[in-house]
Amino acid sequence: MDAEDQDALVRDADQPVEPPKGVINELLNVGQDDKLQGQMEEFLGPQAEYNEDEEERKYYRRKRLGVIKNVLAASVGAMIVYSVYMGLLQMQLILHYDMTYREVKYSNLGLEDIDRKMLMGINVTPIMGLLYTPVLIRFLGTKWMMFLASGIYALFVSTNYWERYYTLVPSAVAIGVAIVPLWASLGNYITRMAQQYYEYVNYKEDHVQEQKKLPKGACHKYIIVFQSVFYIVFHLSFVFAQFPMRFVLNGTLHDDEHVLYNVHSCGANISGVIPGFNTTVLKNLPRSMLLIHVESVLMGFAFLAMVIFLALCGAAYRPTEEIDLRSIGWGNIFQLPFKHLRDYRLRLLCPFFIYSGFEMLFAVTGFSLSYGVCVLGLRKLWLLIMVYGLSCSVFSSLSLCLLRLPRWVCLMGGAAVHAVLLVVLLVFSPPPKSPEYLGALLVISVLWGLGTALNKTGVSTLLGMLYAEEKERLDFVFTIYHWWQAIAIFIVYLWSHLPMRAKLSILLATLLVACCCYWVMERRLARKVPYRLPRIPRPRHKVKGYRYLEEDNSDESDSERSEDDDKEEEEEEDEEHVAEEMGAEDRREEGQDDGVQGVDSPEARRRGAEGHRREDAHVKDGVREEREGG
């Protein structure tokens, strides 16, 4: 039996023992886990074909292209808005000026009086722009301010479908309200795009990655290029604004003999606009459906400008920067434009701001009417303004010379051109109905456009360069600039009945004062005279609604967060109060010791200060523990 049992045991040992099923499954799972782990490591690990530097470079190249898209979109949007606005206003004023049109279509409506009230609303309302422009820009944001302002211009176009006092005058007042915010937003936006472009080009620099203030003069070349591009595009609005006049109204106008029948002198010899100008300028009235079609086309372009601002223009600031700009307090935002006038750079540039408003409006109204229409007739008005606009657009590219030349070249060059032209216009008095003066007037239009281009691009570029590193001040600076322009436009509106030589003398005197003040400013900057900038208050981030700025639990409710904030504030106040009391006691003890023992050694005073700091820390910890225990 023993032999048989031993043989059975040997046979059993030779046969493989089947492991339990659970063990087999665990072994299989271990193999599968290793396989999956290898696949995950292969998927998540560094790829051989992935180049992080190349991907980063492509990302910032897309960002730079986005900035260029923003600049072009803002320029085209502003150009369309003003093409529609100036074209419609010009056509409207010519139609309403004609006595036959007023009597046939609106016999008892008083369109002439409505036009006076409408022009008053457009020219007078911007005087108050300094009071509300920074608040609107900070509240809405730069991009949304441009969108809203373009919507107001579209509203003005829509009111011309139903010409009544209660439609035309309120819409004109709304445009007057929107002028300063629109232009301040545009100037701010273009300068911010230049700053962003610099950041995307130099994205590896430490000061860019840490979002610190830019080095002085770092983005000046981008400001010069972007401001030039903006004005090259925008000044084409003078060209497109003449399309309704050229293709719709020009065929309905009387000839020059009829329109200028009672006009006996032109140019520097006249007072007012065109004394003796005929009150009937239309030989046949345009069809109502034709006017509706024109207004519908203009309305479509106004909506197109709104869509461009909304869809194609990116944000001017990061979301956190927008919050910082608003968080300094609305009272401070209201006061800061006035406080920025303490800066002597802005004060000394104010005469140039005023002249900038004078010269453009004089070119469109004074020169074009008192010289151009008075000599050539109303049918040539579109030609003079179109040549002026083309000249402004083409010569705006000359500001690119600031990339190589000093910044005063642009402003002083434009001022020199205008000074010569003003002296010429003071003695230039051509007779009416003289087509042979067409060439001379076109040359003056081209040269005046040259001066306007250098002036506009020069002032905007100079402001951007002076405040390039102060991105939180740009809206205040451009608000002051365009507010002074609005003051100048109001003065031009008031002087319409003055003699032409008086107007030209005011222009020339303002230009000379502006040049002297600018020279003084540059001299002070060359001598490094310190200028006074108002302090921008630090933003207050402890605001409900901006919870993502806190480092606390984002899943807390508002009530829990407010309770915690209140507790923290109370703890901080109590700790500060206890620390102040301890500090006062320590100071009294030190005073007594000094009176008794005299002057201690520096080492003893240092040891005493360290001991007081340790005691203050122990007191604060004790207060905190008592509160937590309570």
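A salt bridge here is a side-chain nitrogen of Lys or Arg within 4 Å of a carboxyl oxygen of Asp or Glu. With that in hand, welcome to a set of close-ups of a predicted model.

**View 1. Arg473 and Glu470 are joined by a salt bridge.** The closest N and O atoms of this pair are 3.1 Å apart. Both partners fall below the 20% cut-off for a buried residue: Arg473 counts as buried at 7% relative accessibility, and Glu470 is buried as well, with a relative accessible area of 13%. Elsewhere, salt bridges with shared partners link Arg192, Glu199, Arg318, Glu321 and Lys471 into one network. Over the whole structure, a search finds 11 salt bridges.

**View 2. Glu322 and Arg326 meet through their side chains within helix H15.** This salt bridge has an N to O distance of 3.9 Å. Why can the two side chains of this helix be partners? Glu322 and Arg326 are four residues apart in H15, so about one helical turn separates them. An α-helix has 3.6 residues a turn, so residues three or four places apart point the same way. As for their surroundings, Glu322 is buried, with a relative accessible area of 14%, whereas Arg326 counts as partly exposed at 23% relative accessibility.

**View 3. Asp343 and Arg345 form a buried salt bridge.** Here the N to O distance is 2.9 Å. Asp343 has 0% relative accessibility and therefore counts as buried. Its partner Arg345 is buried too, with a relative accessible area of 2%.

**View 4. The second largest pocket is lined by 20 residues.** Its volume is about 460 Å³. Which residues lie nearest the centre of this pocket? They are Gln211, Glu321, Asp324, Lys471 and Glu472. Two of these, Glu321 and Lys471, also belong to the salt-bridge network mentioned with the first view. By class, the lining has nine charged, eight nonpolar and three polar residues. Helix H8 (165-201) and helix H15 (319-326) each supply at least two of the lining residues, and H15 gives the largest share, with four.

**View 5. Helix H6 (residues 129-140) packs its buried residues against several other helices.** H6 has 12 residues and reaches 16 Å from its first C-alpha to its last, close to the 16 Å expected at 1.5 Å a residue. Its buried residues are Gly129, Leu130, Tyr132, Thr133, Pro134, Ile137 and Arg138. What do these buried residues pack against? Their partners are helix H7 (142-159), H8, H15, helix H16 (330-340) and helix H21 (474-494). Just after H6 comes Gly141, which takes a positive phi of about 95°.

**View 6. Ser396 sits buried in a loop between two helices.** The loop runs between helix H18 (381-395) and helix H19 (408-427). Ser396 has 0% relative accessibility, so this residue counts as buried. Which residues surround Ser396, leaving aside neighbours within four places in sequence? Its contacts are Ser228, Tyr231, Ile232, His235, Ala453 and Thr457.

**View 7. Helix H20 (438-466) is mostly covered.** Of its 29 residues, 22 are buried. From its first C-alpha to its last, H20 reaches 42 Å, close to the 42 Å expected at 1.5 Å a residue.

**View 8. Lys433 and Lys528 each have a positive phi.** Most residues other than glycine have a negative phi, and most peptide bonds are trans. Lys433 has a phi near 55° and is found in the loop between H19 and H20. With a relative accessible area of 31%, Lys433 is partly exposed. For Lys528, phi is about 60° although this residue is not a glycine. Lys528 belongs to the loop between helix H22 (500-526) and helix H23 (558-597). Is Lys528 buried or exposed? Its relative accessible area is 71%, which means that Lys528 is exposed.

Terms used
Residues numbered from 1 in each chain as written. Predicted model: local features only at pLDDT ≥ 70, side-chain atom pairs only at ≥ 80, totals over all residues. Heavy atoms only, no water. Buried < 20%, exposed > 50% of the residue type's maximum accessible area, 1.4 Å probe, protein only. Contact = heavy atoms within 4.5 Å. 1 Å grid on protein atoms, 1.4 Å probe; cavity = no way out; pocket = protein on both sides within 12 Å on 5 of 7 lines; lining within 4 Å. Points joined across faces, edges and corners; volume = space filled by probe spheres on them. Nonpolar A, V, L, I, M, F, W, Y, C, P; charged D, E, K, R; others polar. Expected span 1.5 Å × (residues − 1).
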